[in-house]
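This briefing outlines the fold of one protein chain and then turns to particular residues. The reader is invited to keep the model in view while working through the points.

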Amino acid sequence: MASTASGTAPPPRSLPVVDKDSQTFWTAGEQGELKIYRCQDCAYYIHPPVRFCPQCESRRVEPEAVSGKGHVVSFSINHQQWVPGLPVPYVLALVGIAEQDDVRLVTNIMNCPPEEVSFGMPVKVYFEQVEDLWVPLFEPDSEGAPRP
Ligand SMILES: [Zn+2]
């Protein structure tokens, strides 16, 4: 993995282990897209990405771009600095995507004071490039409606 030293590098993040199936999820952000695996037979979204549909047992599963909108299902505020350079406190959250509520992404809620994050808060994706990955992060979506 090539990386160049730079004084403007973003805060370091612990990078995920990327395999064949999760590669699309971690790189589609280069095109500004959040891509989730979807069953081509029954239209069910599958995450974490595997080429097998738990609903209909189809193996015709392909990544598809979703809206990038969702809501906060649960979250915690971390005050402990796990990674050098990562600002604290930060919000670790589970975000449900708008297309299918049981697709839940482990992510951070950014561009928002941690004390203003709430359950059901509408959020939208953006991407932060770290080496050759585009990490999906979420920020408040002022146009979205909160979930009950
Ligand atoms: Zn299916």
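Two strands are said to pair if DSSP finds at least two bridges between them. By that rule strands E5 (residues 90-97) and E6 (residues 100-109) pair, since seven bridges join them, and they run antiparallel. The model is predicted, and the protein has one helix and eight strands.

**Overall architecture**

- Read from the N terminus, the order of elements is α-β-β-β-β-β-β-β-β.
- Of the 148 residues in the protein, 24% are buried.
- Where contacts link residues at least 6 apart in sequence, 54% of them join residues at least 24 apart.

**Strand pairing**

- The connection from E5 to E6 is a hairpin that passes through two residues.
- Within the pairing of E5 with E6, Leu 92 has Asn 108 of E6 as its bridge partner.
- Strand E4 (residues 69-78) also pairs with E5, in the antiparallel sense and over eight bridges.
- In that pairing, Gly 70 is matched with Ile 97 of E5 as its bridge partner.
- E4 is further joined to E7 by three bridges, and these two strands run antiparallel.
- The bridge partner of His 71 in E7 is Pro 122.
- In a regular strand, side chains alternate between the two faces of the sheet.

**Gly 96 in strand E5**

- Gly 96 belongs to strand E5.
- Is Gly 96 buried or partly exposed? Gly 96 counts as partly exposed because it has 19 C-beta neighbours inside 10 Å, while a buried residue needs 20 or more.
- Beyond its neighbours within four places in sequence, Gly 96 is in contact with Gly 70, His 71, Val 73, Asp 101, Val 103 and Arg 104.
- Val 73 lies 23 residues from Gly 96 along the chain, and the C-alpha atoms of the two are separated by 6.1 Å.

**Backbone features in loops**

- The peptide bond between His 47 and Pro 48 is cis, with omega about 0°.
- Pro 48 is placed in the loop between strand E2 (45-46) and strand E3 (61-66).
- Ala 43 is not a glycine, yet its phi is positive, at about 70°.
- The loop between strand E1 (34-39) and E2 holds Ala 43.
- Ala 43 is classed as partly exposed because 13 other C-beta atoms lie within 10 Å.
- Asn 111 likewise has a positive phi, near 55°, in a residue other than glycine.
- Asn 111 is located in the loop between E6 and E7.
- Asn 111 is exposed, because 10 other C-beta atoms lie within 10 Å and the limit for an exposed residue is 12 or fewer.

**Asp 132 in the loop before strand E8**

- Asp 132 is situated in the loop between strand E7 (122-130) and strand E8 (133-140).
- Why does Asp 132 count as partly exposed? Asp 132 has 13 C-beta neighbours inside 10 Å, and the exposed class ends at 12 while the buried class begins at 20.
- Which distance separates Asp 132 from Glu 30 in space? Their C-alpha atoms are 9.2 Å apart, although the two residues are 102 residues apart in sequence.

Terms used: Residues are numbered from 1 along each chain as its sequence is written. This is a predicted model: local features need pLDDT of at least 70, side-chain atom pairs count only at pLDDT 80 or more; totals for chains, interfaces and linings use all residues. Helices (H or I, at least four residues) and strands (E, at least two) are DSSP runs, numbered from the N terminus. Two residues are in contact if their C-beta atoms, placed from the backbone, lie within 7 Å.
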